[in-house]
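Visitor: I would like to see the terms checked against their cut-offs. Please show the model.

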Amino acid sequence: MRVFADNPHSILDDFSKDFERGYLETLNSLHGTKRVKANAVYQEYIADKNHIHMNATIWTSLTGFCMRLGKESKAIVDETEKGWFIQYIDRDPKVLARQAQSEQRQKF
């Protein structure tokens with residue numbers, strides 16, 4: 001408790017970064033760049049026993065977290081009558097290089 005009381009913002013930031021990293025890894029590894037329900041990805045993420053709980057982060061809701069991912073261009077996020085959906089944006093240099101090669105082939 002004392003460690004947290006001495007520097008609460010640092011600890012919350014660390015947990016928030018770990019939560020975001022784990023959520024995005026789950027999204028990318030299980031769904032790739034497909035559009036899926038944000039809550040379904042969350043359920044898959046928390047199925048891991050070693051996950052970081054969302055209540056240990058700066059976000060109070062999954063909606064707020066997803067909106068932040070959208071604002072930071074880490075994912076495409078949209079809301080429908082069926083709920084919030086999320087789509088991972090893959091920025092891996094290898095993937096980007098393959099996409100560029102594919103686009104060049106299509107031009108010729």
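Guide: What follows goes through some ring pairs, a charge over a ring, one serine and the chain as a whole.
This is a predicted model, in which local features need pLDDT of at least 70, side-chain atom pairs count only at pLDDT 80 or more, and totals for chains, interfaces and linings use all residues. Residues are numbered from 1 along each chain as its sequence is written, and side-chain values use heavy atoms, with hydrogens and water left out.

Visitor: What makes two rings an aromatic pair, and how many aromatic pairs are there by this rule?
Guide: Rings of Phe, Tyr and Trp (its six-membered ring) pair if their centres lie within 6.5 Å; planes under 30 degrees apart are stacked, over 60 edge-to-face, and the rest tilted. The count by this rule is 7 aromatic pairs. One of them joins Phe19 and Tyr42, with 6.3 Å centre to centre and 55° between the planes, and is tilted. Phe19 belongs to helix α2 (residues 8-31) and Tyr42 to helix α3 (residues 38-46), 23 residues apart. Helices (H or I, at least four residues) and strands (E, at least two) are DSSP runs, numbered from the N terminus.

Visitor: Why is the pair of Tyr23 and Phe65 called edge-to-face?
Guide: The ring centres of Tyr23 and Phe65 are 5.0 Å apart and the planes stand at 90°, so the pair is edge-to-face. Tyr23 is in helix α2 and Phe65 in helix α4 (residues 62-71), so this pair ties together parts 42 residues apart in sequence.

Visitor: Why does Tyr23 count as buried?
Guide: Buried means under 20% relative accessible area, exposed over 50%, and partly exposed in between (1.4 Å probe, protein chains only). Tyr23 has 0% relative accessibility, so Tyr23 counts as buried. Phe65 is also at 0% and counts as buried. Ring pairs link Phe19, Tyr23, Tyr42, Tyr45, Trp59 and Phe65 into a cluster.

Visitor: Which ring does the charged end of Arg35 sit over?
Guide: The charged end of Arg35 sits over the ring of Phe85, 4.1 Å from its centre. The rule asks for NZ of Lys or CZ of Arg within 6 Å of the ring centre and within 35 degrees of the ring normal.

Visitor: Why is Ser16 called buried?
Guide: The relative accessible area of Ser16 is 4%, so Ser16 is buried. Ser16 is in helix α2, and a polar atom of its side chain lies 2.7 Å from the backbone oxygen of Leu12.

Visitor: What share of the protein chain is buried?
Guide: Buried residues make up 27% of the 108 residues. The chain has 5 helices and 3 strands, in the pattern α-α-β-α-α-β-β-α.

Note on methods:
A polar contact is a pair of N or O atoms within 3.5 Å; within protein, one must be able to donate a hydrogen and the other to accept it, and residues adjacent in sequence count only if both atoms are side-chain atoms.
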